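Dear colleague,

I am handing over the structure below, together with some notes on its aromatic side chains. Please read the notes with the coordinates open.

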Amino acid sequence: MIESSDETAPTHNNENTAADTNGKRDEKILSFFQPTTTSLSEKRLAQTLGYPATWHVVRTVSTKNNVQAFCDRIYAGPPSSNPDTYYNHGAAMAAALRWIEGKSTPHDNEGGQMNPRVALFEKDEYVEVLYEPDEMWYGATIMKCVMYQDDIRYTVLYIADGATQTNVAEELIRKAEKPKPKKRKKSITPSKDAVASSKKKPKKRKEQSFRTRGRRWR
């Protein structure tokens, strides 16, 4: 007859408990990377990530070449209410840290990252442009601004040589003060009297004839 000792029983139970814990942890990790499908799952994901209780995180998951990737869109309230929306967690978390429960609203940041793109430079504005071939900044004037769905490009006119460059990215342009024109030295204008006197013909001197006496020397 083989008797089981009391020491082996707890060890067996601990192994089962550890396996169950690891299994639940793996399931939790897998569920964390699952797409959200309901409003409740959006709120739970938001709270898991540390956002306020009323915020939502909508997660979409895509698979390519056996690699899963997920994309989050963070809402400062129910998505149907058109609240402030963020495309990255850095900007969303910065707004969440300013959130005051009971006082803040889902529209405090005027759209969040959903605000329309605004050009930083206006037509005819004097700027400096980084010319990449020689990595030097040159004075220029904005001639045209083209708004794309995801970008803004400019046409500039360089002051130095009058050359035009198109399709200039916004990050290659910086604001600058237009240089003041150099002061010209004032020319001294002669007075009218001086001009009139300079035009007068000089008087001719009368030729005087002199007689000289000759002396005799002994």
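At 32% relative accessibility, does Y138 count as buried, partly exposed or exposed? Please keep in mind throughout that this is a predicted model. With a relative accessibility of 32%, Y138 counts as partly exposed, because that class lies between the limit of under 20% for buried and over 50% for exposed.

A search of the whole structure finds seven aromatic pairs. One of them joins W55 and Y86, whose ring centres are 6.2 Å apart and whose planes meet at 5 degrees, so this pair is stacked. W55 belongs to the loop between α2 (39-48) and β1 (56-64), while Y86 is in strand β3 (residues 85-86), and the pair therefore ties together parts that are 31 residues apart in sequence. W55, at 1% relative accessibility, counts as buried, and so does Y86, at 4%.

Y138 itself pairs with Y131 in an edge-to-face arrangement, with 6.4 Å from centre to centre and 75 degrees between the planes. Its partner Y131 counts as partly exposed, at 34% relative accessibility.

W55 and Y86 also belong, along with Y51 and W99, to one aromatic cluster.

Finally, there are contacts between arginines and rings to look at. The charged end of R59 sits over the ring of F70, at 4.0 Å from the ring centre, and R174 lies over the face of W137, where the distance to the ring centre is 4.0 Å.

With best regards

Methods:
Residues numbered from 1 in each chain as written. Predicted model: local features only at pLDDT ≥ 70, side-chain atom pairs only at ≥ 80, totals over all residues. Heavy atoms only, no water. Phe/Tyr/Trp six-rings, centres within 6.5 Å; stacked < 30°, edge-to-face > 60°. Helix = DSSP H or I, 4+ residues; strand = E, 2+ residues; numbered from the N terminus. Buried < 20%, exposed > 50% of the residue type's maximum accessible area, 1.4 Å probe, protein only. Lys NZ or Arg CZ within 6 Å of the ring centre and 35° of its normal.
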